[in-house]
Amino acid sequence: MEWTPEIIQMIWKGIGETLYMTILSTALGYLFGLPMGVLLAVSDKEGLSPNPVLYKILDVVANIVRSIPFLILLILLIPFTRLLIGKSTGSTATIVPLVVAAIPFIARMVESSIKEVDAGVVEAAKSMGAGNFRIIVKVLLVEARTSLITGCTIAIGTILGYSAMAGTVGGGGLGDIAVRYGYYRWQTGIMIVTVILLIVLVQIFQSVGMQVASRLDKRK
């Protein structure tokens, strides 16, 4: 197979679309998933402000969305995506199901990170008269920052993988190129290159995230 300038340009465009979908979806996922995760941790029976009803509602919503395989979720959300974006294919349209899938995933990781914070630190903050909001912002999120960044790294890798899956229904990015050229046209070379590029992108995000988490880890 000849690597023409058009094919090389297409690969570069695919990398750009993949990064666009991954980064924007992760940012929007955290915009909603971080507060949801905090509420899950705080409203749990051993949390800062137990609220069984609120916890149960959030818990059920998170479990339901996480139980749906991404490809099925993507198809289920096509009418909503079309209503919101005006189309159901392409990189921008793919962001909608990516965000919906990311929110409960991120929320669970945030919940887990916050629950790892030493209860003694929280009690110390309470004894000094700190309110719940101040404890959440100044204690829980600060103490859990290393774990939160590690979780963010995992989330980016997962969302990047989801964006590649979206290529099966015209979602754009490297996954779309792999499907159109590697599967439908039997151009194995292009498929191999897209897979390698996806692996490289995941490794870059992983390395950067782990370095940041390591620098912020007070235990070292």
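Val53, Lys56, Ile64 and Ser67 are exposed on one side of helix 2, while Tyr55, Leu58, Asp59 and Ala62 of that helix are buried. The buried set covers an arc of only 105° around the axis, so these residues sit on the same side of helix 2. Keep in mind that this is a predicted model. One of those buried residues, Asp59, also belongs to a network of salt bridges with Asp44, Arg108, Glu111 and Lys115, and that network gets its own section below.

**Helix 2, two faces**

- Helix 2 runs over residues 52-67, which makes 16 residues.
- From first C-alpha to last, helix 2 reaches 22 Å, close to the 22 Å expected at 1.5 Å a residue.
- What covers the buried residues of helix 2? The cover includes helix 1 (5-43) and helix 5 (91-115).
- Turn to the other side of helix 2 and you find the exposed residues, among them Lys56 and Ser67.

**The salt-bridge network**

- The structure holds 5 salt bridges.
- Asp59 pairs with Arg108, and their closest N and O atoms are 2.3 Å apart.
- That pair ties together distant parts of the chain, with Asp59 in helix 2, Arg108 in helix 5, and their positions 49 residues apart.
- Are Asp59 and Arg108 buried or exposed? Asp59 is buried, and Arg108 is buried as well.
- Arg108 has another partner in Glu111, with the closest N and O atoms 2.9 Å apart.
- Arg108 and Glu111 are both in helix 5, 3 residues apart, or about one turn of the helix.
- Glu111 goes on to bridge to Lys115, where the closest N and O atoms are 2.9 Å apart.
- Glu111 and Lys115 are also both in helix 5, this time 4 residues apart, again about one turn of the helix.
- Why does Glu111 count as buried? Its relative accessible area is 6%, and the cut-off for buried is under 20%.
- Lys115, at the other end of that bridge, has a relative accessibility of 41%, so it counts as partly exposed.
- Put together, the linked residues are Asp44, Asp59, Arg108, Glu111 and Lys115.

**Two buried spots elsewhere**

- Thr81 is part of helix 4, which covers residues 78-85.
- Thr81 counts as buried because its relative accessibility is 3%.
- Which residues does Thr81 touch, not counting residues up to four places away in sequence? They are Gly86, Lys87, Ser88, Ala93, Val96 and Pro97.
- Gly14 sits in helix 1.
- With a relative accessible area of 1%, Gly14 is buried.
- Gly14 is in contact with Gly173, Leu174 and Ile177, leaving aside its neighbours within four places in sequence.
- Gly14 and Val202 are 188 residues apart along the chain, and 15 Å separates their C-alpha atoms.

**A nonpolar patch on the surface**

- Which residues form the nonpolar patch? Ile192, Ile196, Val200, Ile204, Val208, Val212 and Leu216 do, and together they have about 550 Å² of accessible area.
- Ile192, one of the patch residues, lies in helix 10, residues 188-216.
- Ile192 has a relative accessible area of 45%, so it is partly exposed.

**The whole chain**

- How many helices and strands are there? The protein chain has 10 helices and 0 strands.
- Along the sequence, the pattern reads α-α-α-α-α-α-α-α-α-α.
- A box of roughly 70 × 40 × 25 Å, taken along the principal axes, is filled by the C-alpha atoms.
- The protein chain has 220 residues, and 42% of them count as buried.
- Take the contacts between residues at least 6 apart in sequence, and 74% of them join residues at least 24 apart.
- About 12,000 Å² of the protein chain is exposed, and 67% of that comes from carbon and sulfur atoms.

Notes
Residues numbered from 1 in each chain as written. Predicted model: local features only at pLDDT ≥ 70, side-chain atom pairs only at ≥ 80, totals over all residues. Heavy atoms only, no water. Patch = residues over 30% accessible without salt bridge, like charges linked within 9 Å, V, L, I, M, F, W, Y side chains within 5 Å. Areas by Shrake-Rupley, 256 points an atom, 1.4 Å probe, with all protein chains shown as cover. Salt bridge = Lys/Arg side-chain N within 4 Å of Asp/Glu carboxyl O. Helix = DSSP H or I, 4+ residues; strand = E, 2+ residues; numbered from the N terminus. Buried < 20%, exposed > 50% of the residue type's maximum accessible area, 1.4 Å probe, protein only. Contact = heavy atoms within 4.5 Å. Expected span 1.5 Å × (residues − 1). Arc of directions from axis to C-beta.
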